Amino acid sequence: MDNNDSNGANRKSCQHAERQIFEQDRVTIVPYPDSQAGKLITRAEVQDANTTYGFSIGNAENPYSPFSSRMDWEIAQWAKLCGPSSTAFSDLLSIRGISERLDLSYKNSRELNVIIDKQLPGRPTFRHEQIIVAGEAFDIYHRDVLECIKALYGDPDFADYLVFAPERHYTDDDETVRLYSDMHTVKWWWNTQKKLDKQQPGATIVPVIISTDKTQVTLFHNKTVYPVYLTIGNIPKNIHCKPSQRAHTLLAYLPTTRLKHITNKASRRRSVVNLYHACMARVLSTLEKAGLDGLAMHSGDGILRRCHPLFACFIGDYPEQVLATAVKTTECPKCDIPPDELESSTAPFEIRDLHAILDALATIDVGDLEFIQACHDAGIKPIVHPFLERLPYANIFQAVMPDILHQLYQGLIKHLLGWLAQACGPNKIDARCRRLPPNHHIHLFMKGITGLSHISGTEHAQVCCFLLGVIIDARLPGNMSSTHLLRAVRGLLDFLYLAQYPCHSSETLSLLDKALVLFHDNKEIFIDLGIRNHFNLPKLHATRHYVSMIRFFGTTDNYNTEYTERLHIDLAKDAYRATNRKDEFMQMTQWLECKEKIVRHAKFIHWRVHNNVPHHPSPRPASLSFDRTQTLAKHPSAKAVSFHTLISDYGATYFREALTHYIIQQNHLDESLSRSRLEALAANVHLPFHSVAVYHKIKWLSVDTRGHGDPLATVDSVHVMPCRTSACQKNDALPARFDTALINNGTGRSVGVEGYRVGQIWVIFSIRERDAQFLFPSMHQPPKHLAYIEWFKPFPSTPESRHGMYKITRLVRSGERLASIIPISNIVCSIHLIPKFGPVVPRHWTSNNVLEECDAFFVNCYIDRHIFVTLR
């Protein structure tokens, strides 16, 4: 079999694997065999959380109680969630007559705080304790972990979505292809339920997900806070991944001291680790008994179950992982692979032996030297009673989760950018970046990407959207072949995109392995170029754990550190800014408690005002499908654009001819017209109008298919607009923009390019209803919105083997571009074309004219997951 045949076979197998998830009509769900798992505790009376909250308020008639009126409540809500400082609010209310005219029940911030503190229920309160390490006391502010779990588990907003027992999901009735998505669909919950059933039948597992991450809260002076966040795996990932849903709670603020008074660096490092574990052990101490014996917990609908909160996942970047597992820096926190073999894709490894490590930790009572030696032999630091000691059914080395943000975007992709700059030259890469055509998904770095500093994860993700395309024709030093370089980059990007699938099957996980193998098989090019001496990077080795972790704990969007980075803003940085910088942690915790009470009361009022109507969505398993709706503006951007203007300003050179051809085709749907016959009939068409209404944008909006109340968001768009004057600066002309799009001829499927073509959209327009009735048969009236498209040639049978992208050119006949009219419903999404730059980038090419100046393009398959799945 030659190379093309082999690539074609691999591509078909990839498409088959992804199509099984993408086009699943239904999922075969196998419930846990013991129906007692997650069972209810029978009680005569069931009272939901909102009703219980209402009784605690004590006023059944006034939904805004303890506030006297809607005005009274809404001003309090504004003051605490989005208003000015407490002093400014008090100054406002001190204006003569303000409180009286608004009929407020408080006259200043202090009185408002008293109402909130004394009369509104909320989430658990913080407590201040001191931890003694090495004879020194350190402050810690934390909540009761069990009360926090109860608050999340019993939140009425989550009551309809909670999961109480594990399941297995399959794409087929034969149960051969398993699906992995949320935590209840994977191995950890199923296996742990089996272990727990032997001791406590009928248990409901509450998977506890802990994340820690130190963050800076000031631009200067390096003031840091060390928050610990908590969520539970019973809440579906599509909810707890959104900070706006408030499915995470702040569990603690750990001490941030650097112990600079300890001059010996080794002693200082040991003390920092011991302090961390002492604090975490205190915060999580009550999980031991509750995990073993269980405790009765009410969900938001009032139903009672015997729940066992079990530590399941630990989320953090590499330093946090090293700290939590007590291993040495440069080692893998999960397995026993030697540090000098981290670069290997085949070196064997085993997950660290928890029992051997616990045995080593138990020697602390034998003697200091024996304890240190035992810990050294077990491969961990000598930690006095680490928090992992007493967590039932937990293994911290398994619990350390993959980290897309820090391991991939801020780790491997950051390294890759530096390697490529050395390999291809920064000027060459930047010149190509400046000449990329615009697209909804593409951030144009007009100053290039190689000179950027302090790049965020979001910016690294934006660079990944076009990184492979801009190095395709770049020359390497010594005229070395770029094949291995392109394949290495492709392998890493494929792994990055595959790792972020919201749903995996046992077959798509093999694609993840293949992508990693592709990188490892070609990474030697960086050594040949003198850029690297080795690849013993812990973050690179961590990629070998992704497949097993997805099988065991679910897809990576269950535990992405991007979520906690966003939580820093709400629960750390905003809280710090609300203080006067003196005794800040006491003020921060009080500020957060007050804010949480206001948010909870707002949800209760919404429930009361809307007549207590519960929401019971039908559950829908995660998949790779993309549910979006196409939309245009209600009114056209220009009501009457003449045919002459369409030709001169919009570039629709053959608009009249294309429109007459479309009219004839719609009038002869039952006939197969030859080209000459079509031309002859079109020549006799008389158009009763000389202008059309024109639209300048198509948008695709997300759809809340899972019933989580997600707001509509623009996920894609196509811009079609001529050169125009800037609204801000009258003398500045904004360049014309005519985007390219993926067109479905009616036979295209969710995966693969068959049935798709690329076209450049020059006009989006509509025909008046009376004109349409005159030109088209009554049984075949055209859709309201049409588009004038210039076509590119069909996709070749296979993409280019070096980089996996399809190469296309414009469709030209007799020296003229071919164009036609299509319904906009055939336009699937925007598409990004990367110019074939060649070894030297033409200087006259710009981002605005490159689609016209360039002759050949590569279809970019990395702009988003939708295109990645379709075009791979």
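Y393 counts as partly exposed, because its relative accessibility is 27%, and partly exposed residues lie between the limits of 20% and 50%. The model in which Y393 appears is a predicted one. This briefing covers two unusual backbone angles, one cis peptide bond and two pairs of packed helices.

**Residues with positive phi**

- Y393 has a phi near 55°, which is a positive value in a residue other than glycine.
- The position of Y393 is in the loop between α14 (368-378) and α15 (396-399).
- H454 is not a glycine either, yet its phi is positive, at about 50°.
- The loop that holds H454 runs between α17 and α18 (457-464).
- H454 is classed as exposed because its relative accessible area is 80%, and the class begins over 50%.

**A cis peptide bond**

- The peptide bond that joins S65 and P66 is cis, with an omega of about 15°.
- P66 belongs to the loop between α2 (49-57) and α3 (70-81).

**Packing of α16 and α17**

- Helix α16 comprises residues 404-424 and helix α17 comprises residues 426-433; the two pack with their axes 6 Å apart.
- The angle between α16 and α17 is about 105°, so α16 is roughly perpendicular to α17, a term that applies from 65 to 115 degrees.
- On the side of α16, the contact is made by L420, A421 and C424.
- On the side of α17, the contact is made by P426, K428 and I429.
- Of the residues in this contact of α16 with α17, five are nonpolar, one is charged and none is polar.

**Packing of α10 and α12**

- Helix α10 spans residues 265-283 and helix α12 spans residues 318-325; their axes come within 9 Å of each other.
- These axes of α10 and α12 cross at roughly 80°, and the two helices are therefore roughly perpendicular to each other.
- From α10, the residues V273, Y276 and H277 take part in the meeting of the two helices.
- From α12, their partners are E320, L323 and A324.
- The contact of α10 with α12 consists of four nonpolar residues, one polar residue and one charged residue.

Definitions and conventions:
Residues numbered from 1 in each chain as written. Predicted model: local features only at pLDDT ≥ 70, side-chain atom pairs only at ≥ 80, totals over all residues. Heavy atoms only, no water. Axes fitted to C-alpha atoms, helices over the stretch in contact; angles between N-to-C directions. Helix = DSSP H or I, 4+ residues; strand = E, 2+ residues; numbered from the N terminus. Parallel < 35°, antiparallel > 145°, perpendicular 65-115°, else oblique. Contact = heavy atoms within 4.5 Å. Nonpolar A, V, L, I, M, F, W, Y, C, P; charged D, E, K, R; others polar. Buried < 20%, exposed > 50% of the residue type's maximum accessible area, 1.4 Å probe, protein only.
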